[in-house]
Each structure stands twice: as C-alpha cells, then as structure tokens.
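Q: Please take a close look at one helix of this model and at the loops on either side of it. A connected account for a bench biochemist would be welcome.

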Amino acid sequence: MTSEKDEGLEADLLALGAALDVPSPPPADVAAAVHARLRAGGGQGPAAAVRARLETAQAPPRRTRRRWVLVAAIAAVLIAITAATPQGRAAISRVLEYAGIELQLTDLPTATPTPTELPTAKTGATFPHRTPAVLGTPDRTLTSDNGRVLSMFWGDVTDGVRLDQFDGGLSPVFFKQLRHQPQPVRLATGEAWWIADPHPVGHIAREDGTRTPLRLATRTLIWQANGIGHRLEGAKNREDAVRIAESLR
Amino acid sequence: MDDDEAIARSLTGDLSAYETLVARYSALAHRTAALLGAGDEAEDVVQEAFVKAFRHLASFRRDAPFRPWLLRIVANETHNLTRSRGRRADLTVRLSATAEAAAPDDPEGAALATDRRTRLLEAVRSLPERERQAVVCRYFLQLSEAETAQVLDWPLGSVKSRTHRGLARLREEVGRDL
C-alpha cells in the first residue's frame, strides 16, 4: 500500500463526512423531550428511575416488593425492566437487568442446559480487573468474548470457585433463569445480589445478541463495581461470598 | 457548567443539569445514530439513548470522557434497532446541497468534486457492515481509534484491521476511476 494514496483517500473521506447532510432536531427540543420522559418515569434521579420502573413491573407479594424497591433505591443500582424475549414471553414473568446480567424471573421449571464453554482466546481482558486477596492467585484464568469476559478459577473445575469479571455496564453479557427473587446483600463497596439456588446461566454475544445456554450455575453472588460486572460462583455460602467479594484488590 | 459538574448534578437528580448535557451532545448523537444506520428512526434512538444514559449514569467512570461513553449507548441502541428490524443497517444519508454550491465560480470543477464524492459515498455504502462502521466512526464521525473501539465495543485491533480493510476496498472501488 502507498501511504500517499492512503492520505488522499483519508482526506477525501473526511471531506465527504463534512459534506453529509444529517438533519437533527433543535437540541433544546431534544433536551426537553428527554426531560419530560425522565420526569414521567420518576425523574428524581437514577435511583428513582429504578424505583419507578420496578413499580410498573408485575408486583410480587407486597412485603418483598417494598424491600426490593427500598434496597434498589438506596443502592441506586442499575436495574431496568426490559421486554421479555419473544420466545420466552409466556414463561418469563419479569426480566431485570443488573450489573451486566439479565435476570429472568420465571415460574416454570427450567431445562438444564448442556454444559458449554465460551470460545476462549489468549488476548487479555479489555478492561481493568482485580483478584480477590483471600483466594490468592487463580489456578486458571481465561478470557472470552473478545476480551470482554475474564474468568478466574480456583480449585476443582466442577466444584471450585469461579469469578467472572466483565465489561457489562450497558448491555447484558449473561442471562440467568431464576425461580426465586435474588436476595439483596450489602457489601462494603455497595450492593450485591445473592442467588442461593442452582440456575441455568447463558451468554449474550455483543455483536449479534446470540444467546448461548452455558450450564447450570450453583449459588452465585452478583454485583457491580466501577462499571465492571462481577459474578462469583461456588463460594461455600453467602458470608463466604461476601468475604471473597470484599477482598478484591 | 462543564461535563463533570453536569454529571455530578445529574446524579443527584438534577434534570436541568442533565438537559444541559443532552443539548450539548444532541447533534453529535443524532449524527452517530444516523450514520450507523438508524435512518429515519435516529430521533427515537437518540431519545432512548439519553434516557438510558441517565439511568446508567451511576456506572459511568467519572475519570473517563463522557463523549465515547454516551456514543457507545447510542451505537448500542442503533444496533438493537437494526437487529430488531432484522436487516442490514443501511447508510441512508445524502450529500448536502451546499457542497455543490461551494465553488460557484467553477461549476465544472464543483460538479466533478460532487461526482467523486457521490461515488465515494456509494462505495462506503456497499462496504461489508463492520468495515463500514469502522470507516464511518473514524472519518465521518472523526473518532480516534480508541474511541471507535469503545463506541463499537470492539478490541482495538479489530478497529485497526477493519479500517484498513475498508480503506483498501474503497481504494479498489474508486481509485481506478481517479
């Protein structure tokens, strides 16, 4: 390739970009429209937006809902109700999005997926990640999904501890099918959710939204810190999970 | 009020502060959505993106620039839209009329320039989707490689290679006529 030609083409592209007619409404109108939508959805802040969205969801028993709503509001966690997937609309009563994980609350028994692993790569993670001090150096580390997911393993593959860290602040990376609401947990660093029962977990590819059922996950703690989603699987119990989560350095 | 202050105030629920941010980035957000293929639904995409950005504001890393973070949400919403439409995200923009009037004393030269641009735009339109996205971000939106990687949620290496392949294809398409 000749760099001179490249520069000419690049200059042409820049000029073309500048000559493109992309109409947009007056910024003040857009700002007002967004303001109105946020106000209609409970515009007191991100926490209130979460609360408002939760209240429009199908209501679980009242006490549970109040607790759920209160904790969500205090923590200002990022939960949004999204439409259920078309194929699962009938079975799934609610879909919550939290820390890059889509939680599908379902009343029906869920099928156990065949264990699958994501294709892994040698490329490093594309985001800053940490290691839990109480577990020390992982026995095995894998990255997948173009460096978007980093998985660390300690101990036995099937019975050990696994920590996934993923850049999933905006669109979910994993989905989980749950029969019971996850329990809110306080970490020193913020809010987390504890899923006590085994549940199917799957992966959502960023590029085309492909959903791959992975395996049946055991008890898991999920939380978000600094925009990074975390799921810790296989801790002995809730207290153990909290201890590991709080030791991230 | 700079971005950081507007974000800090938005996080406390100050919607007027958030309006400032929306107004500031509105034109760029529309341009991004339209050029990435939202077509005549760009306005809906942008509104949805701003609403979503507000709800996710707590996850924004305050030491990072706001612009690529926001544009990533816009790109994501555009991606969701085109995916739900189940077809390719076409680049449906037009050359603005003012480009033709840029050189009134040289109508032939201006017509030639317009013709070249039309052919180049056509060539960009027919690029494979990912190469087109890379070219659109790098040249039409003038984002850096790192910003493009963040906005499209690709590894940096993919931005480089897809841009490179896109340029090679464009050179092949239009170069032989020049």
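A: In this predicted model, Asp153(B) takes a positive phi of about 60 degrees just after helix 7 of chain B. This aspartate is a suitable place to begin, since it is not a glycine and yet has that positive phi. Asp153(B) is found in the loop that lies between helix 7 and helix 8 (156-175) of chain B. Its surroundings hold 19 other C-beta atoms within 10 Å. Asp153(B) is therefore partly exposed, because a residue counts as buried at 20 or more such atoms and as exposed at 12 or fewer.

The helix itself comes next. Within helix 7 of chain B, the residues Thr148(B), Ala149(B), Gln150(B), Val151(B) and Leu152(B) are buried. What do the buried residues of helix 7 of chain B pack against? Their partners are helix 4 (66-85), helix 6 and helix 8, which also belong to chain B. As to the geometry of helices, an α-helix has 3.6 residues a turn, so residues three or four places apart point the same way.

On the other side of the helix is a second loop, which connects helix 6 (129-140) with helix 7 (145-152) of chain B and contains Gln142(B). The phi of Gln142(B) is near 55 degrees, again a positive value in a residue other than glycine. Is Gln142(B) buried or exposed? With 12 other C-beta atoms within 10 Å, Gln142(B) is exposed, because the limit for that class is 12 or fewer.

To draw the part together: helix 7 of chain B has buried residues, among them Val151(B) and Leu152(B). The loop before this helix holds Gln142(B), which is exposed, and the loop after it holds Asp153(B), which is partly exposed.

Some remarks on confidence should accompany this reading. Chain B has a mean pLDDT of 85, and 84% of its residues reach 70 or more. Residues 98-103 of chain B, however, have a pLDDT below 50, and in the model this stretch has eight contacts beyond near neighbours in sequence. For the complex, the predictor gives an ipTM of 0.87 and a pTM of 0.53.

How values were computed: Residues are numbered from 1 along each chain as its sequence is written. Chains are lettered from A and ligands numbered from 1 in the order in which they are written. This is a predicted model: local features need pLDDT of at least 70, side-chain atom pairs count only at pLDDT 80 or more; totals for chains, interfaces and linings use all residues. Helices (H or I, at least four residues) and strands (E, at least two) are DSSP runs, numbered from the N terminus. Two residues are in contact if their C-beta atoms, placed from the backbone, lie within 7 Å. pLDDT is the predictor's confidence in each residue, from 0 to 100.
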